[in-house]
Structures are given as C-alpha cells and as structure tokens.
Amino acid sequence: MRKKIVAGNWKMNMTFEEGQILTSEIVNMYKDENIKDVVAILNPPFPHIFPVKKLVGDVSGVKIGAQNCSDKASGAFTGEVSAKILASFGVEYVIIGHSERREYFHEGNELLAVKVKEALAHGLKPIFCCGESLDIRTAGTHEPNVKFQLTESLFDLSPEDFSKVVIAYEPIWAIGTGKTATAEQAQEMHAALRRHIASKYGKDIAAETSILYGGSCNPKNAQEIFSKEDVDGGLIGGASLKSRDFMDIIKSF
C-alpha cells in the first residue's frame, strides 16, 4: 500500500528561532493528535536541517527533507550542497525539480535526471516535481508535457530505484495566479501520471508510487483533494509555515 505523505516546503522562509518554534509545534501536535498513517516531511532551508532533526528526535512519522541538492558529488562548487552531505546529516528526502528551480534557475530535465541519480546513490528518496505552465494548460498539451518530464528525468532508473521516488504534481498555472485547480483536475493528472509509470515499470510499481499534489493545497481544500483515488498527499508551501494549518492538512485524509 502506497504511503500517504504531506511534505512541507518552507522555501526561503523562517529564521532560526521561527524554525525551532514551528518544528516544536508540529512535532508535539503530531504526537498529541496521534497521527499514525501519514508521513510528515519537513523541508527547511539548509541551515535548519540539523537543528530541526534534533527537535524531531525519535518521532518516526516525521521525516527530514532538503529543498534541493547538487548534481555534483563533491568539489569546488561554492554555495552548493551535495546529496552525500545531506545524507550525512540524516536527511531522508530531497525535493528535485521544483517549479521554482526550473523557472528561476533554469534546471532542465537532463540536469534533474543527474540530481535524481545522485540522491539515490546516497540513500536519499527524491520528491520529483513535475507540472505545466498556464500556456501549456491553455494549449491542451499539459498531459504529454508532464509525462515527458517523467520520461526524460526518471525513466532511465531501474525498477528498484524508481520505487524509491515520490512524485509531486505541480499545476504551476494555479499557484499564486488567482486561478484554481479543481480536485477533479488533480485526479485527472495524477491518474495520467500513474498510467504513464505503469507503461514503463508495470502496474504493481505504479500502484505503489506516491503521487503528491502541489497546487496551493490548504486546510479548506485538502480533504476534497486527498479524497481522490490517485492523490496520495500534498507538497505544501505557505500552509506548511503555520503549524495548525499543516496539521489540519495532515488530518485531511
């Protein structure tokens, strides 16, 4: 049975003190509210990783992720952080190919394929992001476009390695634009991605792959979105910076 996952992407937010407070609140709520069947992944900026991990302690259902990793294993790459370094700090997950990395830092499918392999080589589980812009959605080519992202960046992986990947679908056109993606549109794309995975790796692996929704999910719409058959959780941005909102999303299954 595939995992239910709610991953919080803090992006470039939270001072040290704010991050400590947020983490403590989430960890205590997770324990006090008896969450058992949903994995919560905290993805803070790099400097927070070690102190956040210390606060999480032995709470098995709360995991630590990073927002990015280098495509290089080590070397003279000032400002970069490798998968090997992240793994040495006990990081378990890493977000790769987020729409902001693709747009602002021009990360393409070929580079992201290298990052995925680097992450897997050091025991990290990639949260691989894919999605389409408003122009692509309007043109009606969103499904082949997003499938192509998976094919180019993931389909060279062995079945064993692919089984360690989490997919996050981002309808970029519905994030901060005033437009809203419906739960039905989320289900449509998640189902299409699962069929595409099955075409390469078979129905069993496709059925076990967690596919998260990354399109402005919040406590008000999470229950409807998570009720869809092929939606296994969310990659949460702004709502992950408020402990009560984040926990309410976790409890929306």
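These are my notebook entries on one predicted model, from the whole chain down to a few residues.

**Entry 1: the whole chain**

I began with the secondary structure and found twelve helices and eight strands in the chain. I then looked up the extent of the C-alpha atoms, which fill a box of roughly 45 × 45 × 35 Å along the principal axes. The radius of gyration is 17 Å, and this agrees with the value near 18 Å for a compact globule, because the chain has 253 residues.

I noted that 51% of the 253 residues are buried. The accessible surface is about 11700 Å², and carbon and sulfur atoms hold 52% of that surface.

Next I looked at contacts along the sequence. Counting contacts with a separation of 6 or more, 71% are between residues 24 or more positions apart.

I also looked up the charges. There are 29 positive and 33 negative charges, and their mean positions lie 3 Å apart.

**Entry 2: Asn-9 and Lys-11**

I went to strand β1 and picked Asn-9, which lies in it. Is Asn-9 buried or exposed? Its relative accessible area is 5%, so Asn-9 is buried, the cut-off being under 20%.

I listed what Asn-9 touches beyond four places in sequence: Asn-43, Gln-67, Ile-95, His-98, Leu-235, Ile-236, Gly-237 and Ser-240. I also found that the side chain of Asn-9 reaches the backbone nitrogen of Lys-11, at 3.1 Å.

Lys-11 was my next stop, in the loop between β1 (4-9) and α1 (16-32). With 25% relative accessibility, Lys-11 counts as partly exposed. I checked its backbone and found phi near 55°, a positive value in a residue that is not glycine. I wrote down the background to this: most residues other than glycine have a negative phi.

**Entry 3: Ser-216**

I looked up another residue with a positive phi. Ser-216 is not a glycine, yet its phi is about 55°. Where is Ser-216 in the chain? I found Ser-216 in the loop between β7 (211-213) and α11 (222-226). Its relative accessibility is 40%, so I put Ser-216 down as partly exposed.

**Entry 4: His-48 and Met-14**

I turned to the loop between β2 (38-43) and α2 (49-56), where His-48 is found. His-48 has 4% relative accessibility and therefore counts as buried.

Which residues does His-48 touch, leaving out those up to four places away in sequence? I noted Trp-10, Asn-13, Met-14, Thr-15, Phe-16 and Gly-19.

I took a second look at one of these, Met-14. His-48 and Met-14 are 34 residues apart in sequence, and their C-alpha atoms are 8.9 Å apart in space. A polar atom of the His-48 side chain lies 2.8 Å from the backbone oxygen of Met-14.

**Entry 5: Arg-137**

My last residue was Arg-137, in helix α6 (residues 134-139). I looked up how much of Arg-137 is accessible: its relative area is 13%, so Arg-137 is buried.

Not counting residues up to four places away, Arg-137 touches Glu-132, His-142, Tyr-169, Trp-173, Gln-185, Glu-188 and Met-189. Of these I followed up Tyr-169. The side chains of Arg-137 and Tyr-169 are joined by a polar contact of 3.3 Å.

Conventions. Residues numbered from 1 in each chain as written. Predicted model: local features only at pLDDT ≥ 70, side-chain atom pairs only at ≥ 80, totals over all residues. Heavy atoms only, no water. Helix = DSSP H or I, 4+ residues; strand = E, 2+ residues; numbered from the N terminus. Rg over C-alpha atoms; globule rule 2.2 N^0.38 Å. Buried < 20%, exposed > 50% of the residue type's maximum accessible area, 1.4 Å probe, protein only. Contact = heavy atoms within 4.5 Å. Areas by Shrake-Rupley, 256 points an atom, 1.4 Å probe, with all protein chains shown as cover. Lys, Arg positive; Asp, Glu negative; His and termini not counted. Charge placed at Lys NZ, Arg CZ, Asp CG, Glu CD. Polar contact = N/O pair within 3.5 Å; in protein donor to acceptor, adjacent residues only side chain to side chain.
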